[in-house]
Amino acid sequence: MRILGLDPSLSSTGWGVIEVESNRLRYVADGFIKTDPKQPIYTRLALIHRTLNEVIETYHPEEAAIEQVFLNENPSSTIKLGMARGVVILAPALFNIPVCEYEPTKVKKALVGVGRAEKSQVETMVKILLPGCKPKNNDSSDALAMAITHYHLRKSHSMGD
């Protein structure tokens, strides 16, 4: 089974694909979608959508996982993140791929064992759990962490919520 992990952001959406065979995790691919803040928001959202469609068509994931939204102090940033999340959720949904959401603390706990772990600790565990993996940046590392978390928690999570 292939799992697509997603870390949505209007500026740099991370994605990562893992494969699970006989309870063994294997790194497949990762990347990020950087958008130009000088471009109109609809252009940036379209780029995210187009690129995720290409990722899905290339790697054929069967399930997807995304980080649950958190609220920023800045309402404008929260709205922009919400727009990016909508596009990121829509991409796999259009391929009939179920999408599950996980809180950041659950991801940290699933990988590091502590819900308040540092980003560097999460990235270190991603590299340990996926030998040979060298994430492109923090966003793709977070997306791979999301995919790993989904594998570990998927049986207890209601698909498609």
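Let's begin with the rings: this structure holds 1 aromatic pair. The model you are looking at is a predicted one, so please keep that in mind as we go. The partners in the aromatic pair are W15 and Y59. Their ring centres are 5.8 Å apart, and the planes make an angle of 35 degrees, which gives a tilted arrangement.

Where do these two residues sit? W15 belongs to strand β2, which covers residues 12–21, while Y59 is part of helix α1, residues 41–59. Because the partners lie in these two elements, the pair ties together parts that are 44 residues apart in sequence. Now look at how much of each residue can be reached from outside. W15 has a relative accessibility of 9%, so W15 counts as buried. Y59 has 23%, and Y59 therefore counts as partly exposed.

Next, let's turn to charge. Side chains of opposite charge can pair when their charged atoms come close. How many salt bridges does a search of the whole structure find? The search finds 7 of them, and we can visit a few.

One of them joins K136 and D30, whose closest N and O atoms are 3.5 Å apart. K136 is found in the loop between α4 (119–129) and α5 (138–153), and D30 is found in strand β3 (residues 24–34), so this salt bridge ties together parts that are 106 residues apart in sequence. Is D30 buried or exposed? With a relative accessible area of 4%, D30 is buried.

Another salt bridge brings E101 and R85 together, with 2.7 Å between the closest N and O atoms. This pair, too, links distant parts of the chain: E101 is in strand β5 (residues 99–102) and R85 in helix α2 (residues 75–93), 16 residues apart. E101 is partly exposed, at 24% relative accessibility, whereas R85 is buried, at 10%.

For our next stop, find helix α4. Both K127 and E123 lie in this helix, 4 residues apart, which is about one turn of the helix. Their side chains meet in a salt bridge, with 3.5 Å from N to O. K127 has a relative accessible area of 40% and is partly exposed. E123, at 19% relative accessibility, counts as buried, because the cut-off for buried is under 20%.

Finally, salt bridges can also share partners. That is how R2, E19 and R26 are joined into one network. Try finding these three residues in the structure above.

Note on methods:
Residues numbered from 1 in each chain as written. Predicted model: local features only at pLDDT ≥ 70, side-chain atom pairs only at ≥ 80, totals over all residues. Heavy atoms only, no water. Phe/Tyr/Trp six-rings, centres within 6.5 Å; stacked < 30°, edge-to-face > 60°. Buried < 20%, exposed > 50% of the residue type's maximum accessible area, 1.4 Å probe, protein only. Salt bridge = Lys/Arg side-chain N within 4 Å of Asp/Glu carboxyl O.
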